[in-house]
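This report describes selected features of one molecular structure, set out under short headings. The sequence and the structure are shown first.

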Amino acid sequence: MDVSTDFSVAIAGAGLSGLCLAQYLMRAGIDVHVYERDPGPFVRQQGYRIILDRYGLEALRESLPRPLYRLALTTGDEPGGHVRFTDSRLRNAFTITFKIEPHATRQVDRLTLRSILMSGLDGRIHYGRSAVAVDDGPDGPWLRFSDGGSVAASVVVGADGVRSALCRQLIPDAGPANTAMAGVYGRSPLWRDGESVIPEALRTSGVLAIADRPGRAFFFTSMRFGESPREAFARVTPGSYAPTGDDYVMWGMLLRQEEVPMGVHGNLLALRELAARLSADFHPLIRRLVDTAELDATVLNLFAAGRRPRRWAVPRATMMGDAVHVMPPFGAHGGNTALRDAALLGRRLVEARASGEPVEDAIARYQDEMVPYAFRAVDTAAGMMRRLTGDASAPRWVLTRVLPRLHRVTVPEA
Ligand SMILES: Cc1cc2nc3c(=O)[nH]c(=O)nc-3n(C[C@H](O)[C@H](O)[C@H](O)COP(=O)(O)OP(=O)(O)OC[C@H]3O[C@@H](n4cnc5c(N)ncnc54)[C@H](O)[C@@H]3O)c2cc1C
């Protein structure tokens, strides 16, 4: 493909949205480079799965070459499935069922998705480059790095995720607010001695088990790869890095931030012990998941919620994803909204190139469209978090006391 070099885009952050935008622009022949803080592509465990909804899938379909999009689908879990809300003993309160359609909501492994999003971007992702600021020069913006270097581009995009370094400068009146909740996340093998540790009744379910005590809940879901990434990657993108494809259970112990002990950040053993202590009164299946967790995949996440930006400080710079609208992980909107941003911004920039529209106007149009849908998602996720983990006693009583008694036991406590 011919790449035009009179118009260039510099993206800070090689996460879901940054890579998706890079794919979109590459396909349109735009000169794009991605600058990532991590020293290499797979230095951090990004071992959990992600649910893609119609927005995320549509964004990937629009941005990726067709074989890569199909790779995301074939290596993903089967479409459809359920989300079950239960009490701490896994007695069902109510269930949400996803439709089974070719492009319906489905789970994909995050590491596999990231690997797919990197395919074909060789030489365009620059590792060990930590963005610190955007300078607004007379000929356009410059992206500045912590190592003292900088690059000029026609457009700079901040896609540097939660706790973005560029956020304070580009959207000075916004920035994320802390919430009361946190999660210790882990990953455990799905198969033991040839048998699934998740009973058949929950095979295609994500489960949120809500404890009697406000602010305490446990989430888990199994990730089964459709086609093995190794085989599928060898066929479609030979030579690119393919994750192992071992099925797993992803889980999260939800707790209040005030319950997070000092000094556990990054201390994997202490984090797993914390999850084990807090899950002591839960169903034995839940306790087993925590006991069998892979230590190096245990992470602490302090939930935050972005605030609506009213002012964008640099006309040729903008932001996408968690960097502008981080949200608590309730409802699986964060990554989907980030991918939606990437496809939308890609579309607006490519249209501007074709029509001669000033790029500042195209960016402003992207921002005017993105802010309403993204902050609707933030509000939805924050509202869901409050309802499911907050202090309000009536809904909690119905969820954890009334509804479970009306339904059959989902998983016997054998
Ligand atoms: C436990 C959990 C489960 C989730 N499940 C779902 C789900 O099922 N569905 C869903 O839609 N969403 C889910 N999310 C949310 C989703 O993961 C995020 O919303 C999504 O990753 C945001 O994408 P992004 O591109 O904005 O940022 P990221 O994917 O986080 O990427 C940001 C990148 O920027 C890099 N970076 C950071 N600082 C700098 C810097 N200064 N300079 C250069 N690079 C930098 C980072 O290293 C990273 O690579 C979940 C989140 C969590 C925590």
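## Two residues with positive phi

R163 lies in the loop that runs between β11 (155-158) and α5 (167-170). In this predicted model, R163 has a positive phi of about 60°, although R163 is not a glycine. Such a value deserves mention because most residues other than glycine have a negative phi. The relative accessibility of R163 is 65%, over the 50% limit, and R163 therefore counts as exposed.

L90 also has a positive phi without being a glycine, with a value near 65°. Its place is the loop between β4 (81-87) and β5 (92-98). L90 has a relative accessibility of 0%, and so L90 counts as buried.

## Helix α4

Helix α4 covers residues 110-118, and 9 of its 9 residues are buried, so the helix is largely enclosed by the rest of the structure. The buried residues of α4 are R110, L111, T112, L113, R114, S115, I116, L117 and M118. The list includes the arginines R110 and R114 as well as leucines such as L111 and L113. Just after α4, G120 takes a positive phi of about 85°.

## The surroundings of the ligand

The ligand is surrounded by 34 residues, and the closest are S17, E36, I51, R110 and D322. R110 also belongs to the buried residues of α4. By class, the shell around the ligand divides into 13 nonpolar, 11 polar and 10 charged residues.

Polar atoms of the protein approach the ligand at several points. A polar backbone atom of R37 is 3.1 Å from a nitrogen atom of the ligand. For N336, a polar backbone atom is 2.8 Å from an oxygen atom of the ligand. R114 takes part through its side chain, with a polar atom that lies 3.4 Å from a ligand oxygen atom. On its own, the ligand has 1000 Å² of accessible area, of which the protein covers 91%. The elements that give two or more residues to the shell are α1 (16-27), β3 (49-52), α4 and α10 (334-355). Of the elements, α10 gives the most to this shell, with 4 residues.

## The sheet of 7 strands

One open sheet has 7 strands in the order β5-β4-β15-β16-β17-β12-β18, and its pairing is mixed. At the edges stand β5 and β18 (299-305); each has a single partner strand, so one side of each is left without a neighbour in the sheet. From one strand to the next, the twist averages 20°.

Within this sheet, β4 pairs in the parallel sense with strand β15 (residues 205-210), over 6 bridges. H82 has S205 of β15 as its bridge partner. The loop that holds L90 lies between β4 and β5, and these two strands stand next to each other in the order of the sheet.

## The sheet of 3 strands

A further open sheet has 3 strands in the order β8-β9-β10, with antiparallel pairing. Here β8 (131-137) and β10 (150-152) are the edge strands; each has a single partner strand, so one side of each lacks a neighbour in the sheet. The twist in this sheet averages 20° from one strand to the next.

Strand β9 (residues 140-145) pairs with β10 in the antiparallel sense over 3 bridges. The bridge partner of W142 in β10 is A152.

How values were computed:
Residues numbered from 1 in each chain as written. Predicted model: local features only at pLDDT ≥ 70, side-chain atom pairs only at ≥ 80, totals over all residues. Heavy atoms only, no water. Buried < 20%, exposed > 50% of the residue type's maximum accessible area, 1.4 Å probe, protein only. Near = heavy atom within 4 Å. Polar contact = N/O pair within 3.5 Å; in protein donor to acceptor, adjacent residues only side chain to side chain. Areas by Shrake-Rupley, 256 points an atom, 1.4 Å probe, with all protein chains shown as cover. Nonpolar A, V, L, I, M, F, W, Y, C, P; charged D, E, K, R; others polar. Pairing = 2+ DSSP bridges. Axes fitted to C-alpha atoms, helices over the stretch in contact; angles between N-to-C directions.
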